[in-house]
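Visitor: Before we look, could you take me through this model by saying, for each label, what earns it?

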Amino acid sequence: MSFESLGLSISLLKALSDQYFTLPTPVQKAAIPAIIDKKDVLGIAKTGSGKTAAYVLPLLMSLQAKPGIKNRHVNILVLVPTRELAEQVKEVFKKFSQGLPQPVKTLAVYGGVSINPQMMAMQGVNVLIATPGRLLELVEVNSVHLSTIQTLVLDEADKMLNLGFQEEVNKIIALLPEQRQNLLFSATLSADIQNIHQVLLHEPVIVQIEAEE
Ligand code: ADP
Ligand code: MG
């Protein structure tokens, strides 16, 4: 099965071949059509299995379908546990959004650095990638409004819970519109992930890729 058969646009297929992505990984094969279809998805697959592109590609498809996205507020919120992952995910959004008909503005925000440049950069952002604590700080100073979010992604959800972000994540979720798409990606399916998936996801498509021996 190729990327062509997953419902991605010509310009995304071009971006994929520019990045030498020739064949989708198992988690990408299963998750991409479901996310394009606006379903909630629980994606469990080991580290290195391509989970980032599994949500970045279909979310860029959804964004492109919106006329005048540059006038909109944040549509996509990706919560991540660490600054390193925030930067990595931002780079993946950037590399696949190059050359798309409508430009996509992506910003990563995280703690441990000054908040002011992040506040200044918020204007016109379509995709916000954030660690939970810094996002709540930005909400408090009125720099970001979460009422326009259409898709929430929790990436490395297992790590997020292990690091004790559950309460902050709950606070953020309470600020989001009720009608939204929820995507949860994790390397492991722990008891905590089982719990959060039951609260967060509505009739999810469950994509669980067993590690091959
Ligand atoms: P995970 O989040 O599951 O740990 P990543 O999304 O970080 O995995 O991807 C791991 C590596 O595999 C990255 O370097 C990424 O560029 C590469 N990769 C992902 N999907 C493909 C693909 N379909 N073809 C080639 N390389 C891929
Ligand atoms: Mg990952």
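Visitor: How do you know that A130 is in contact with residues apart from its neighbours within four places in sequence?
Guide: This is a predicted model, and in it the contact partners of A130, leaving aside those sequence neighbours, are L77, L79, A86, V109, Y110 and L135. Contact requires C-beta atoms, placed from the backbone, within 7 Å, so each of these pairs with A130 satisfies that limit.

Visitor: What makes A130 stand out in the largest nonpolar core?
Guide: That core has 64 residues, and A130 is among those that touch the most other members, together with A31, Y55, L77, L79, L128 and I129. Membership requires a buried residue of a listed nonpolar type, joined through C-beta atoms within 7 Å, so A130, as a member, is buried. Helix α3, residues 51–64, supplies the largest share of this core, with eight residues.

Visitor: Why is strand β6 called largely enclosed?
Guide: A residue counts as buried if 20 or more other C-beta atoms lie within 10 Å of its own, and six of the six residues of β6, residues 181–186, are buried, so the strand is largely enclosed by the rest of the structure. Burial applies to both directions: Q181, L183 and F185 point one way, while N182, L184 and S186 point the other way. In a regular strand the side chains alternate between the two faces of the sheet.

Visitor: How do you know that β6 pairs with β1 and with β5?
Guide: Pairing needs at least two bridges, and β6 has four with strand β1, residues 41–44, and four with strand β5, residues 151–154, so both count as pairs, each in the parallel sense. On the β1 side, I44 stands opposite S186, and on the β5 side, L152 stands opposite N182.

Visitor: What makes β3 and β7 edge strands?
Guide: The open sheet of seven strands has the order β3-β4-β2-β5-β6-β1-β7, with parallel pairing, and β3 (106–109) and β7 (205–208) each pair on one side only. From one strand to the next, the twist averages 10 degrees. For β3, the pairing is with strand β4, residues 127–130, over four parallel bridges, where T106 has V127 as its bridge partner.

Visitor: What makes up the shell around ligand 1, by class?
Guide: The shell has 13 residues, the closest being F21, T47, G50, K51 and T52, and by class it holds five nonpolar, seven polar and one charged. Lys counts as charged, so K51, which is in this shell, accounts for the one charged residue. Helix α3 gives the most to the shell, with three residues.

Technical notes: Residues numbered from 1 in each chain as written. Chains lettered and ligands numbered in written order. Predicted model: local features only at pLDDT ≥ 70, side-chain atom pairs only at ≥ 80, totals over all residues. Buried ≥ 20, exposed ≤ 12 C-beta atoms within 10 Å, placed from the backbone. Helix = DSSP H or I, 4+ residues; strand = E, 2+ residues; numbered from the N terminus. Axes fitted to C-alpha atoms, helices over the stretch in contact; angles between N-to-C directions. Contact = placed C-beta atoms within 7 Å. Near = placed C-beta within 6 Å.
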